[in-house]
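Please examine the sequence and the model shown here before reading on. The paragraphs after them serve as a guide for a first visit.

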Amino acid sequence: MRWSSALIPTLKEVPAEAEIASHKLMIKAGLIRKVASGLYNFLPLGFKIYYKIENIIREEMDKAGALEILMPIMTPAELWHETGRWNLYGKELMRLKDRADREFALGPTHEEVVTDLARTEIKSYRDMPKNFYQIRNKFRDEIRPRFGVMRSREFVMKDAYSFDRNEPCAEESYKKMFEAYIKIFSRCGLNFRAVEADSGNIGGSFSHEFMALAASGEDTLINCPACGYAADREKAEGASPFCGNEKEVLKPLEKVSTPGQHTVEQVTGFLNKKASELVKTLLYMADGKPVAALVKGDDELHEIKLHRFLGVTELVMMTAQQVEEFSKAPVGFAGPVGLTGMKIFADNAVSKLRNFVTGANEKDMHYANANFDRDFKINKFLDLRVPKEGDLCVKCGSALVSLKGIVVGHTYKLGTKYSKSMKAEFLDEDGKRKLMVMGCYGIGLARVIAAAIEQGNDASGIIWPMAISPYQVIITALNYKDEKIKLFADSIYEEFKAKGVEVIIDDRDMSAGFKFKDAELIGIPVRITVGNKTVNEGLFEIKLRKTGEEFAVKREELFSKVKEIVQRELVK
RNA sequence: CGGGGCGUAGCGUAGGUGGCUAGCGCGCCUGCUUUGGGAGCAGGAGGUCCCCAGUUCAAAUCUGGGCGCCCCGACCA
């Protein structure tokens, strides 16, 4: 590619809308432009990266035996009614009508469509295993699109769906995808972790998230550096190292005035206590019945754990009205003392506390020196808290660390959730009709790009991993109007192109500094400078973007040297 | 959806207590000179000051309504 005929609109100043590094740099380097909130144009350079990631994914998916298909983005409401998700999926599901008033949804994911395909085309156990995948647009009317392409409304996703005759085969398919994912993200040059995750509203029995580590990530993962245990914070297990003050003598219960102090910070600040000396009371409605959960002031309630323990279908926090109704006090003053009409569950760490602060179920009042058994009864102590950095690993006992990550891929073992509701059956070897066992596997392409930039950037711009860089080599021809320089630059450009190196030549009539800055901004791994030194001494300067390493080589050695660098940097 | 902020040329912004032709930097166009780290000089183009209504002799500026965008939160008491 000749830069002069490309469209790479680099910017000196970034539009005020961008916050995080990847978003800013994608705009600055001329990769994307915004069309509307959560909707982006990918410009030629940005799309080239897309394409490269797409090809890596395609290669690894095909190698793993998956079959590429193409499904429509507009999907009929009937299919969504079959699984009940027409109602269960919230406003994220973009609904629309055609001219005949028939209802459709823009596909946010394609379980329904692909299951419909499978149930009509797969009839025998001989037809399985099958894994269908596609790489194309999804639409989710996100509650709040943000961070550029990291959370956009329309985005390209690789989604794959496996169909198997039974559980063991389905697990085999899952394992294949898991391994393919590790290859894909490794080849893309990402620093990532595969973590245990919650399956959310896609459903299913177990699931892994592939998180690219980045400080700006929207998700938190808990990782054990000793044994490698890694899980999404929403799902993670961890033992609290909290010792408590079990030995303290019980002091008399005392009602204290805390006017206008609602939050843990306010109350503990006002009473000059530590957050760990307070017990907070979270009020929920579990399938319509009230329930209270107690956790230490500096801990967070793990809703999924409570949900799982209660075994109910719906667990929602009480509304402000419900809080008033059941606790007889405005939000912020609920407490277990005198709380009636509901069961009270407490986190294990609470059992180690004496003389703690808690709400008094009365406006502007709290209790000090509250103690369970004496002042109120707890139905059961159990693990109810979200693990934190410093907790002990439940597998090996070492201290856990907490890391931020960007979810670039997610795999789910779905089981028969969709095949059951959509009657996706086949005839097995024993002559019986059985449900297909499914799995589904997604990758967000734009997130891979954003994550790569979050992990690879400096003050000058992007630093691409070789495998997804839009070009492997940039030839910076200084003063291209000079006939001699032009001759040298064009000759190596043509040679590289002919020999299969992905190369762009900066042939614009720009000052040297300008071209150097642009080359660094768009992050091409290898830069070759053609200037006076080339004309006078026959030397071509190579500079590596990642390390800043610089050296000059003669014409005869140039190609083999560059080829060697490119090969070395491509992770296989 | 709740809270906060912003909306002036392609981008970044000044002006805001009403008053001359809406200013500056970057970018863009023309010419000349330059060409190893975002070149210099000269000339030039480009604006429904987000939209609508109101107040006024007069609105980018004041008032009301709307729209768009960004950030935080979305029942974690």
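The text below turns from the whole chain to two helices, then to the RNA strand and to single residues.

This is a predicted model, in which local features need pLDDT of at least 70 and side-chain atom pairs count only at pLDDT 80 or more, while totals for chains, interfaces and linings use all residues. Residues are numbered from 1 along each chain as its sequence is written, chains are lettered from A and ligands numbered from 1 in the order in which they are written, and side-chain values use heavy atoms, with hydrogens and water left out.

Chain A has 572 residues, of which 51% are buried; buried means under 20% relative accessible area, exposed over 50%, and partly exposed in between, with a 1.4 Å probe and protein chains only. Its secondary structure consists of 15 helices and 31 strands, where helices (H or I, at least four residues) and strands (E, at least two) are DSSP runs, numbered from the N terminus. Along the principal axes, the C-alpha atoms of chain A fill a box of roughly 95 × 70 × 50 Å. Among the contacts in chain A with a separation of 6 or more, 69% join residues 24 or more positions apart; contact means heavy atoms within 4.5 Å.

One pair of helices illustrates the packing. The axes of helix H1 (residues 21–28) and helix H11 (residues 445–455) come within 8 Å and cross at roughly 105°. Such axes are lines fitted to C-alpha atoms, for helices over the stretch in contact, and angles run from 0 to 180 degrees between N-to-C directions. H1 is therefore roughly perpendicular to H11, a term that covers angles of 65 to 115 degrees. Ala21, Ser22, Leu25 and Met26 of H1 meet Ile449, Ala450, Ile453 and Glu454 of H11.

The RNA comes next. Around RNA strand B there are 45 residues, of which Arg144, His262, Ser511, Glu520 and Glu541 come nearest; a residue is near a molecule or strand if one of its heavy atoms lies within 4 Å of it. Of the strand B atoms within 4 Å of the protein, 50% belong to sugar or phosphate and the rest to bases. Several polar contacts can be named, a polar contact being a pair of N or O atoms within 3.5 Å; within protein, one must be able to donate a hydrogen and the other to accept it, and residues adjacent in sequence count only if both atoms are side-chain atoms. A polar side-chain atom of Glu541 lies 2.3 Å from a base nitrogen of RNA strand B, and a side-chain N or O atom of Lys34 is 2.9 Å from a sugar or linking oxygen of the strand. Helix H13 gives the most to this surface, with seven residues.

Lys517 is found in H13. Lys517 counts as exposed because its relative accessible area is 58%. Arg508 lies in the loop between strand E28 (503–506) and H13, and Arg508 counts as buried because its relative accessibility is 13%. Leaving out residues up to four places away in sequence, Arg508 touches Trp3, Ser4, Phe514, Lys515 and Asp518.

The last stop is Thr358, in strand E18 (residues 356–359). Is Thr358 buried or exposed? Thr358 is buried, because its relative accessible area is 1%. Its side chain reaches the backbone oxygen of Val279 at 3.3 Å.

Methods: Angles under 35 degrees count as roughly parallel, over 145 as roughly antiparallel, 65 to 115 as roughly perpendicular and the rest as oblique.
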